[in-house]
Structures are given as structure tokens and as C-alpha cells.
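Hi everyone, thanks for making time. I have one structure to show you today, so let me put it on the screen.

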Amino acid sequence: MTELARVGLFADLTGETLGKLAERMQRKEVTSGTVLVHEGEPGDRFFVLLSGLAGVSQSGLGERRVLKAGAFFGEVALAMGVPRTATVTAMTPCVVASCDEATFDELLRPLFADDGDTPAAA
């Protein structure tokens with residue numbers, strides 16, 4: 001829960017909601033080169049990068065950006081019901097936390113409603 005509390009996206013969540021999210025998220029350590037999501041595949045999880053660096057790429061466009069700790073991805077596929085819009089690959093050893101679509105819908109979807117921000121990726 002402490003790691004999640006440091007993520008800017010979650011700043012406005014109540015302690016109760018953050019606690020529920022922490023219980024439902026799966027924490028995973030991955031090695032450099034691990035593909036976390038593949039462009040074009042169905043999206044079934046939302047991710048938060050807790051440590052490390054990950055690269056975002058899109059077919060035809062190549063490398064698009066580098067994600068740092070605190071960044072999130074996977075919301076586009078879940079929120080819009082479309083396939084993954086990018087591939088995200090660990091550039092260094094990373095720690096990621098992820099939740100399933102039901103948890104995203106229940107606890108996180110309101111964070112993406114009419115915020116006017118451009119989605120991160122995937």
C-alpha cells in the first residue's frame with residue numbers, strides 16, 4: 001500500500017479505496033527485456049510501474065516514450081474496450097503492480113473520466 005500511495009494517479013483515492021486496491025493488485029518483479037503488454041492483444045490488466053524504466057513502442061512509429069516509476073499503462077484498452085494500443089517493454093529490471101479489469105472498473109475507472117489528459121499507453 002505504501003508503494004501505491006506514492007503514485008500520483010492515486011493521490012485522490014480515499015484510504016479505504018487505496019487499501020482495497022492494494023489488496024487486489026499483484027506485485028511482480030521483471031527483468032530487463034520483459035514485454036509487459038503487446039500492441040494489438042486484448043487488454044485484461046491495468047499496470048503501475050513501481051520502479052525501473054519501461055519503453056513504449058508502436059508498430060510503424062517505433063519508440064514513443066520512456067515510462068518511469070509512478071507511470072501507469074493499460075488503461076486505454078480497459079476504458080475503451082479496444083486492443084492494446086502499444087507495446088510496453090522493461091528497459092531495466094522493474095517492479096510492476098497490476099489489477100484485473102473488474103478491479104479497474106470498480107476502483108479506478110472514475111480516475112479516467114473526463115480528466116482531459118492524454119492516456120499514457122497500451
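I'll go through the sheet, then the cores, then the aromatic pairs, and finish with two serines.

One thing before we start: this is a predicted model, so please keep that in mind as we look around.

Let's begin with the sheet. Four strands make up an open sheet, and their order is β1-β8-β3-β6, with antiparallel pairing. At the edges sit β1 and β6, the latter covering residues 72–73, and each of these pairs on one side only.

Now look at β8, residues 94–100. How many of its seven residues are buried? Six of them are, so to speak, under cover: the strand is mostly covered. On one side, β8 runs antiparallel to β1, residues 26–30, and five bridges join the two. If you want a landmark there, find Val 30, whose bridge partner in β8 is Cys 94. β8 also pairs with β3, residues 45–51, again in the antiparallel sense, over six bridges. Two landmarks help you here: Val 48 has Ala 97 as its bridge partner in β8, and Phe 46 stands opposite Cys 99 of that strand.

Next, the helices. α4 lies across β3 and β8, and its direction makes an angle of about 80 degrees with β8. Then there is α2, residues 15–24, where the buried residues are Thr 17, Leu 18, Gly 19 and Leu 21. What do those buried residues pack against? They pack against α1, residues 2–5, and α4, residues 101–108.

That brings us to the cores. The largest nonpolar core has 20 residues, and the members that touch the most others are Leu 4, Phe 10, Leu 21, Met 25, Phe 46, Val 48 and Leu 108. At least two residues of this core come from each of α2, β3, β8 and α4. There is also a second, separate core of 15 residues, and among its members are Phe 47, Leu 49, Ala 54 and Phe 73.

Let me stay with Val 48 for a moment, as a well-connected member of the largest core. Setting aside neighbours within four places in sequence, Val 48 is in contact with Val 7, Phe 10, Met 25, Ala 71, Phe 72, Val 95, Val 96 and Ala 97.

On to the aromatics, which I enjoyed putting together. Searching the whole structure turns up three aromatic pairs. One of them is formed by Phe 46 and Phe 104, and the pair is tilted, with 5.5 Å from centre to centre and 40 degrees between the planes. Why does this pair tie together parts 58 residues apart in sequence? Because Phe 46 is in strand β3, while Phe 104 is in helix α4. As for burial, Phe 46 counts as buried at 0% relative accessibility, and Phe 104 is buried too, with a relative accessible area of 0%.

Then we have Phe 47 and Phe 73. Their ring centres are 5.0 Å apart and the planes lie at 5 degrees, so this pair is stacked. It links distant parts of the chain, since Phe 47 is in strand β3 and Phe 73 in strand β6, 26 residues apart. Both Phe 47 and Phe 73 are buried. And please zoom in on Phe 46, Phe 72 and Phe 104 together, which form one aromatic cluster.

Finally, the two serines. Is Ser 98 buried or exposed? Ser 98, which lies in strand β8, has a relative accessible area of 7%, and with the cut-off for buried set at under 20%, Ser 98 is therefore buried. Its side chain makes a polar contact of 2.9 Å with the side chain of Arg 45. Not counting residues up to four places away in sequence, Ser 98 touches Arg 24, Met 25, Gln 26, Arg 45, Phe 46 and Phe 47.

Ser 51 is over in strand β3. Ser 51 counts as partly exposed, because its relative accessibility is 29%. Leaving out neighbours within four places in sequence, the contacts of Ser 51 are Ala 69, Pro 93, Cys 94 and Val 95. There is also a link back to the start of the numbering to point out: the C-alpha atoms of Ser 51 and Glu 3 are separated by 9.5 Å, with these positions 48 residues apart along the chain.

That's my tour, and I'm happy to rotate the view for anyone who wants another look.

Note on methods:
Residues numbered from 1 in each chain as written. Predicted model: local features only at pLDDT ≥ 70, side-chain atom pairs only at ≥ 80, totals over all residues. Heavy atoms only, no water. Buried < 20%, exposed > 50% of the residue type's maximum accessible area, 1.4 Å probe, protein only. Contact = heavy atoms within 4.5 Å. Pairing = 2+ DSSP bridges. Polar contact = N/O pair within 3.5 Å; in protein donor to acceptor, adjacent residues only side chain to side chain. Core = buried A, V, L, I, M, F, W, Y, C linked by side-chain atoms within 4.5 Å. Axes fitted to C-alpha atoms, helices over the stretch in contact; angles between N-to-C directions. Phe/Tyr/Trp six-rings, centres within 6.5 Å; stacked < 30°, edge-to-face > 60°.
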